[in-house]
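Please open the model in your viewer with a cartoon representation and keep the selection panel at hand. The tour below moves from the whole chain to selected regions, and each stop says what to select next.

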Amino acid sequence: MSERPQSGMALLSRPETTCLVRESELDRVVRLAGSADHGPSTLPRHEIGPIASLCSELIAALRAHKSADSAIGQLERGAAEWARDGIAVDAVIDMVHRCVRIILEPADDIRASEVVDLLGRVSAVVAGAFVRYALEVTGYSDNARDNLAEQLIMGSRSRIAARDRGFVPAAEYWVLAIDIGDESRDGGTGGRDERVRARRAVTGIRLELDRVCDGAALAALSAQGGTVLIPTTDRPEHHVDTVAAALARAAGRRITVTVVRAALDDIPDAAECAHELLEIVRRLGRVGGVHRFSDFALEYQLSRPGPAREYLRTVLEPLAVHPELLATLRCHIANDLNRRKTARMLHLHTNTVDYRIRRIAALTGFDPKRCPDLWYLRSALVVAGMPIEGNAK
């Protein structure tokens, strides 16, 4: 099962978060902010430290007359996680105000208006993150952007739709087909709880997508997955891998992504291709990660209708009543025909593996020990949608 989404504390305690006050001073702020002298608070005590640390950065930025954007951005991402965990928005904002009051010193040369402006900005950012989460969970989405994404994917008056919304589309996009892992398929309980977790995963994906793509990405998503469009402008190809990893962390579950590059007018065909490729990847048991067309060109071609595909469907028919032979074939191919490794994985003697390989050759007419025959057998497994890589058992 995939890892649970990071809490606000874990998110804000990453190595790049640098506390700009002495550790003893931070402990003092945490102690005072959590004390009853400042009134009751529903914020879990273990979340006070990250807020105090970021508030120290905010005040340090004011003291140095520098931008506080980095700390505010981290606080916004933490707010999304706190919303997921059911922490009240007023508890977070109240704690920010407490920490700021405690950190400020009489000797600070900071105008009151600057502090007020900062707290107003922070409160708006935190409240906005909570509102976006609440709207996402209840099924609301940014309809204008979602509709635009859908129209670009469908190819229906996409340029006109973009112009009408004041949106200037990029000339070229990475078209991502996304499968959001279902915890119930990975041993979870399923049911209503899984649907709630799935909505939370989509919320995390949307928020993180906006962050890592600077708001330039478009998405049409559901609890199962969907399509994401990322402009290729000034972004290397490995940017997609970075985005996919960030989305998986935000969702707290495995995400499988296939990607196709396409010009604006070719997005509909590219989206169809990406989702066809995603279906192939899923059938082959490749869960998680980013997969490109070049990685599965053969498998994709074998999935196309035609007489060759129909013939390959018949190759494995003699093994239908011999599941042990089919399992041995898949495992043996996955192990690059290493009979010892196959025997170890299947808990068999190597002589038994040799016997089964001979039986497969006799029944199908294709000998796995011969390269031309192996190609046919491997292709037949692909057409049958059976995993043949390292996870085949």
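The stops that follow go from overall features to two cores, one helix and a surface patch.

**The whole protein.** Begin with everything selected, bearing in mind that this is a predicted model. The cartoon should show 17 helices and 5 strands, and buried residues make up 49% of the 393 residues. If you draw the contacts with a separation of 6 or more, 71% of them link residues 24 or more positions apart. Switching to a surface view, the accessible surface comes to about 19,500 Å², with 53% of that area belonging to carbon and sulfur atoms.

**The largest nonpolar core.** Next select L43, I51, W82, V92, V96, C99 and V122, which are the residues with the most contacts inside the largest nonpolar core, a set of 39 residues. Colouring by helix helps here, since α2 (23-33), α3 (48-63), α4 (69-84), α5 (89-103) and α6 (112-137) each supply at least two residues of this core. Then centre on V96 and display its surroundings: leaving aside neighbours within four places in sequence, V96 is in contact with I51, C55, L75, L119 and V122.

**A second core.** Now select L264, A271, L277 and L284, which are among the 26 residues of a second, separate core.

**Helix α14.** Move on to residues 323-334, which form helix α14. How far apart are the end C-alpha atoms of this helix? They are 17 Å apart, which agrees with the 16 Å that 12 residues should span at 1.5 Å a residue. Because 9 of its 12 residues are buried, α14 is largely enclosed by the rest of the structure. To see the buried residues of α14, show the side chains of L325, L326, T328, L329, R330, C331, H332, I333 and A334. Adding α15 (339-346), α16 (350-364) and α17 to the display brings in part of what covers those buried residues. After the helix comes D336, whose phi is positive, near 55 degrees.

**The surface patch.** For the last stop, select α17, residues 371-383, and pick out W375 within that helix. Is W375 buried or partly exposed? W375 counts as partly exposed, because its relative accessibility is 42%, where the partly exposed class lies between 20% and 50%. With the surface shown, add L298, Y311 and Y376 to the selection: together with W375 they make a nonpolar surface patch of about 400 Å².

How values were computed
Residues numbered from 1 in each chain as written. Predicted model: local features only at pLDDT ≥ 70, side-chain atom pairs only at ≥ 80, totals over all residues. Heavy atoms only, no water. Patch = residues over 30% accessible without salt bridge, like charges linked within 9 Å, V, L, I, M, F, W, Y side chains within 5 Å. Areas by Shrake-Rupley, 256 points an atom, 1.4 Å probe, with all protein chains shown as cover. Salt bridge = Lys/Arg side-chain N within 4 Å of Asp/Glu carboxyl O. Helix = DSSP H or I, 4+ residues; strand = E, 2+ residues; numbered from the N terminus. Buried < 20%, exposed > 50% of the residue type's maximum accessible area, 1.4 Å probe, protein only. Expected span 1.5 Å × (residues − 1). Contact = heavy atoms within 4.5 Å. Core = buried A, V, L, I, M, F, W, Y, C linked by side-chain atoms within 4.5 Å.
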